[in-house]
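Got your viewer open and a selection box ready? Let's walk through this one stop at a time.

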Amino acid sequence: MADGRMIGSAPVPSIWIPPKLAHRIRRVSTAAGAVTLAAALVVGVGMPMIGPALPTATSPVTMLTTSSGIFLGLFLAVSGVTMTVARGWVSLGRHPGGRDFILDARPAATGSVVLVSAAVASILSALFFYTSYTATITWSSGPHPANVHPVTPSIALFLLLPALAVGLTLANLVVGWRLFRPSQQTIRRASSSSPRSPSA
């Protein structure tokens, strides 16, 4: 039972949610998914393209860290697809009083785990990238070893892409966890400010 309504004929396990929360899940998950998938393309294609053209390209470390962009793009894609398909977890269900929105709890729980996995994998990949690549660059304009290169705008962009991947996968995790695993307090708060539920 949620918001005082019996599950009725809704598939189990399911959670009755008010219209405001249902529309928020659909709207936010679709927008977040689109942004994340676009970023997956930028990171997954951009890093392998930018890396070989950098001043640090002669270093084997650069080529190794460049490949991490493919993995970061993959983790972004997994996170983005999960957010995109989440709108399908919300549907209309019947109960004795009429119809209301339900959230299918089984894929929502699985999706939450996928978001956690994508975020953790992105963090680990980014840590590997930064700990390896930063040994080949310097922010100082003074004298430096021949195998260390000063940061250029292209290198700065290269450094930004893993942070973008981590930021988006973490944002999806925080937002998705709250939307796909709503507490009773969240449901009650959304219910109090929602319009009347759809009737039969």
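What percentage of the 200 residues of the protein chain count as buried? The answer is 44%. Keep in mind that you're looking at a predicted model.

Start with a cartoon view, coloured from the N terminus on. You should be able to pick out six helices and five strands, running in the order β-α-α-α-β-β-α-β-β-α-α. Now switch on the surface: the protein chain exposes about 9900 Å², and carbon and sulfur atoms supply 69% of that.

Next, hide the surface and go inside. Select Ile17, Leu21, Ile25, Trp89, Val90, Leu103 and Phe180: these have the most contacts inside the largest nonpolar core, which has 19 residues. Colour α1 (19–50), β3 (98–104), α4, α5 and α6 (184–192), since each of them supplies at least two residues of this core. The largest share is four residues, and it comes from α1. Apart from this core there is another one, of 15 residues; Leu72, Leu76, Phe129 and Leu159 are among them. As background, nonpolar side chains in soluble globular proteins tend to be buried together.

Back to valine 90 for a moment. Which residues does valine 90 touch, leaving aside its neighbours within four places in sequence? Show Ile17, Ala22, Ile25, Arg26, Phe101, Ile102 and Leu103, and you have its contacts.

Now for the rings. There are three aromatic pairs to find. Put tryptophan 89 and phenylalanine 180 on screen as sticks: they pair edge-to-face, 5.1 Å centre to centre, with 75 degrees between the planes. Tryptophan 89 sits in the loop between α3 (68–85) and β2 (90–95) while phenylalanine 180 belongs to helix α5 (residues 153–180), so the pair ties together parts that are 91 residues apart in sequence. Both tryptophan 89 and phenylalanine 180 are buried.

Move on to phenylalanine 129 and phenylalanine 158, another edge-to-face pair, at 5.3 Å centre to centre and 70 degrees between the planes. Here helix α4 (residues 105–133) provides phenylalanine 129 and helix α5 provides phenylalanine 158, so this pair ties together parts that are 29 residues apart in sequence. Are phenylalanine 129 and phenylalanine 158 buried or exposed? Both are buried. Add Tyr130 to the selection, and you have one aromatic cluster made of Phe129, Tyr130 and Phe158.

Last stop: select arginine 181 and tryptophan 177. Arginine 181 lies over the face of the tryptophan 177 ring, 4.4 Å from the ring centre.

Notes
Residues are numbered from 1 along each chain as its sequence is written. This is a predicted model: local features need pLDDT of at least 70, side-chain atom pairs count only at pLDDT 80 or more; totals for chains, interfaces and linings use all residues. Side-chain values use heavy atoms; hydrogens and water are left out. Rings of Phe, Tyr and Trp (its six-membered ring) pair if their centres lie within 6.5 Å; planes under 30 degrees apart count as stacked, over 60 as edge-to-face and the rest as tilted. Buried means under 20% relative accessible area, exposed over 50%, partly exposed in between (1.4 Å probe, protein chains only). A charge sits over a ring if NZ of Lys or CZ of Arg is within 6 Å of the ring centre and within 35 degrees of the ring normal. A nonpolar core is a set of buried Ala, Val, Leu, Ile, Met, Phe, Trp, Tyr and Cys residues joined through side-chain atoms within 4.5 Å. Contact means heavy atoms within 4.5 Å. Accessible areas come from the Shrake-Rupley method with a 1.4 Å probe; for residues, only the protein chains shown count as cover.
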